[in-house]
Amino acid sequence: KLRNDSVDYARGEGNLYSDSSSDESSDDDVEGDEEEGFDQWGELDKDAGRTDESTRRLAVCNMDWDRVQAEDIFLVLSSFCPPGGCVKTVDIYLSDFGKSRLEEEERLGP
């Protein structure tokens with residue numbers, strides 16, 4: 001249970017863990033795991049194209065579109081907005097790949 005409802009823990013405000021001695025042993029285990037964790041995040045997109053132009057668009061890919069709706073994405077993205085910020089709209093567009101998969105599913109079944 002969160003200790004204080006007025007603290008925005010999702011934005012890094014406050015401390016989720018207590019400073020009790022029982023938690024110290026588990027904190028040591030977490031630090032050891034971080035050293036062995038994945039440390040090559042910059043390598044994942046090293047071949048991606050770069051641009052100086054910015055847009056207000058974001059592509060969300062590889063979702064289970066039978067279960068995810070625009071309202072779900074809107075809610076999640078809105079939770080990351082700074083105070084005073086907002087998500088204006090969420091639209092879902094069918095890709096060419098998705099279109100071909102739907103046609104194939106109509107012919108052959110799910």
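The following paragraphs walk through a predicted model of one chain, from its overall fold to its largest pocket and a few individual residues.

The chain contains four helices and zero strands. Followed along the sequence, the pattern reads α-α-α-α. Of its 110 residues, 6% count as buried.

One member of the buried group is V87, which sits in the loop between helix 3 and helix 4. V87 has a relative accessible area of 18%, and it counts as buried because that value falls under 20%. Another loop residue, R56, comes 31 residues away from V87 along the chain, and the C-alpha atoms of the two are 9.6 Å apart.The loop between helix 2 (41-44) and helix 3 (70-78) holds L58. The relative accessible area of L58 is 62%, so L58 is classed as exposed, the cut-off being over 50%. N62 belongs to the loop between helix 2 and helix 3 as well. Its relative accessibility is 79%, and N62 therefore counts as exposed. The backbone of N62 also deserves a look: phi is near 60°, a positive value in a residue other than glycine.

L58 takes part in a nonpolar patch on the surface, together with V60, M63, W65 and I92. The accessible area of these residues together is about 450 Å².

Some of these names return in the description of the largest pocket. The space in that pocket comes to about 1400 Å³. Its lining consists of 33 residues, and those nearest the centre are V60, W65, D91, I92 and Y93. Helix 3 and helix 4 (96-108) are the elements that give two or more residues to this lining. Helix 4 supplies the largest share, with seven residues. What is the make-up of the lining by class? It has 19 nonpolar, five polar and nine charged residues. V60, W65 and I92 are thus named among the residues nearest the pocket centre, and they are also members of the nonpolar surface patch.

Charge pairing is the last topic. Side chains of opposite charge can pair when their charged atoms come close. How many salt bridges does a search of the whole structure find? The search finds one. The salt bridge joins D64 and R67, and their closest N and O atoms are 3.1 Å apart, which is within the 4 Å cut-off for a salt bridge. How accessible are the two partners? D64 has a relative accessibility of 38%, so this residue counts as partly exposed. R67 is exposed, because its relative accessible area of 68% is over 50%. The salt bridge therefore pairs a partly exposed D64 with an exposed R67.

Technical notes:
Residues are numbered from 1 along each chain as its sequence is written. This is a predicted model: local features need pLDDT of at least 70, side-chain atom pairs count only at pLDDT 80 or more; totals for chains, interfaces and linings use all residues. Side-chain values use heavy atoms; hydrogens and water are left out. Patches are made of residues with over 30% relative accessible area and no salt bridge: like charges are joined within 9 Å, nonpolar side chains (Val, Leu, Ile, Met, Phe, Trp, Tyr) within 5 Å. Accessible areas come from the Shrake-Rupley method with a 1.4 Å probe; for residues, only the protein chains shown count as cover. A salt bridge is a side-chain nitrogen of Lys or Arg within 4 Å of a carboxyl oxygen of Asp or Glu. Buried means under 20% relative accessible area, exposed over 50%, partly exposed in between (1.4 Å probe, protein chains only). On a 1 Å grid over the protein atoms alone, a cavity is a set of points where a 1.4 Å probe fits but cannot get out, and a pocket is an open set with protein on both sides within 12 Å along at least five of seven lines; lining residues have an atom within 4 Å of a point. Grid points are joined across faces, edges and corners, and a volume is the space filled by probe spheres set on the points. Ala, Val, Leu, Ile, Met, Phe, Trp, Tyr, Cys and Pro count as nonpolar, Asp, Glu, Lys and Arg as charged, and the others, Gly among them, as polar.
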